[in-house]
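I opened the model to look up its charged side-chain pairs and how some of its helices pack. My entries follow in the order I made them.

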Amino acid sequence: MKTNSYINIERLYYLMKRYITLNTKTILIALAAISGLLLLIILAESYGTQQVRYEGYMETFYTAFFLGGLIFTSRIYHELHTPEKSYQYLSLPASTLEKLLSHWLLSSIGYILASFLAMYMVALLGGLLSSGLFQTDFQFIDLAPHRLPQAAGIYLVLQSIFLFGAVSFRGHNFLKTILGLFLFGLFISIFTSLAARVILGDVFGQELPHIEPGIQQIPAFFSETVPAIMESVLWYVVAPFFLVASYFKLKERQV
């Protein structure tokens, strides 16, 4: 279909609206359950210390933020893998890029903004309730030490991997993606260890003072240069790579 070969903002909007409409009940139940748990944590922590505190609240929030977001992403193409619904989804008048972008926006930017807004509102409500119930001074949460932008960046990287798993696997997407990450990490660890042993030979594992000056830079390559390269790859390569891979995998399903 010729009109589906580019991005149309209106079609993109309707794709996102369609997904939210079909899953409103599930989304609201999950949001209410997590918000209720977080609110109870603020109240319990404030009652125990007789002052409004948010340390346990933020720790639990980050756990729920990452775990919930990655599970949400893993299931976002559930309709595609359901036989009785897949034909309807594949026949939607939208391009492959629009179908990918709409789901990515919902499970990445949309999820981050909704989660941070909910966290802010629950913290405000919890602080007000704690100060009123336990007669303590109201103290609102200080978000600066919690590095929300860094958490959002890490989530965006991980989310792209789980989005690829959502497109690729037909069932148990979350668990299969976790297994894939584990096997990949294991392969990298074994490969790096073997490469270091082959390159360094007999000096592998020795202390730097006992290694000849000419080859002391080789261990530094594995301890400093390789981690720096891996960090750059993590932040600037992983997400674009898996988004492109997800696009071609989704395009393959539509053929």
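**Entry 1: K249 and E252.** I looked up this pair and found the two side chains meeting in a salt bridge, 3.9 Å from N to O. The model is predicted, and the distance is computed from it. The cut-off for a salt bridge is 4 Å, and I kept the pair on that rule. K249 and E252 sit 3 residues apart in helix α9 (residues 238-254), so about one helical turn separates them. I then checked accessibility. K249 has a relative accessible area of 27%, and therefore I noted K249 as partly exposed. For E252 the relative accessibility is 51%, so E252 goes down as exposed.

**Entry 2: α9 against α6.** I stayed with α9 and asked how α9 packs with helix α6 (residues 148-168). The angle is about 15°, and the axes are 8 Å apart. Angles under 35 degrees count as roughly parallel, so I recorded α6 as roughly parallel to α9. The crossing of these two helices is left-handed. On the α6 side I listed L156, V157, S160, I161, L163, F164, V167 and S168 as making the contact. From α9 the list is V238, A239, F242, L243, A245, S246, K249, L250 and R253. K249 of the salt bridge with E252 is thus named among the α9 residues in this contact. By class, the residues of the α6 contact with α9 are 12 nonpolar, 3 polar and 2 charged.

**Entry 3: other salt bridges.** How many salt bridges does the rule give? I noted a count of 4. Side chains of opposite charge can pair when their charged atoms come close. I looked at E98 and R11, whose side chains form a salt bridge at 2.8 Å, N to O. This pair joins distant parts of the chain, with E98 in helix α5 and R11 in helix α1, 87 residues apart. Are E98 and R11 buried or exposed? I found E98 buried, and R11 buried as well.

I next looked up E79 and R18, where the salt bridge is 2.6 Å from N to O. Here too the pair links distant parts of the chain: E79 lies in the loop between α3 (55-74) and α4 (83-90), R18 lies in helix α1, and 61 residues separate them. E79 has a relative accessible area of 16%, so I marked E79 as buried. R18 has 21%, and so I marked R18 as partly exposed.

**Entry 4: α1 against α5.** I went on to the packing of helix α1 (residues 9-22) with helix α5 (residues 96-133). Their angle is about 55°, and their axes are 9 Å apart. The two helices are therefore oblique to each other. The crossing of α1 past α5 is right-handed. From α1, I listed R11, L12, L15, M16, Y19 and I20. They meet E98, K99, L101, S102, H103, L105 and L106 of α5. The residues of this contact comprise 8 nonpolar, 2 polar and 3 charged. R11 and E98, the salt-bridged pair of Entry 3, both appear in the contact list.

**Entry 5: L38.** Last, I looked up L38, which is placed in helix α2 (residues 24-49). Its relative accessibility is 5%, so I entered L38 as buried. What does L38 touch, leaving aside neighbours within four places in sequence? I found contacts with Y57, T60, F61 and V122. L38 and Y57 are 19 residues apart in sequence, and their C-alpha atoms are 6.0 Å apart in space.

Technical notes. Residues numbered from 1 in each chain as written. Predicted model: local features only at pLDDT ≥ 70, side-chain atom pairs only at ≥ 80, totals over all residues. Heavy atoms only, no water. Axes fitted to C-alpha atoms, helices over the stretch in contact; angles between N-to-C directions. Helix = DSSP H or I, 4+ residues; strand = E, 2+ residues; numbered from the N terminus. Parallel < 35°, antiparallel > 145°, perpendicular 65-115°, else oblique. Left-handed = near helix turned anticlockwise from the far one by under 90°. Contact = heavy atoms within 4.5 Å. Nonpolar A, V, L, I, M, F, W, Y, C, P; charged D, E, K, R; others polar. Buried < 20%, exposed > 50% of the residue type's maximum accessible area, 1.4 Å probe, protein only.
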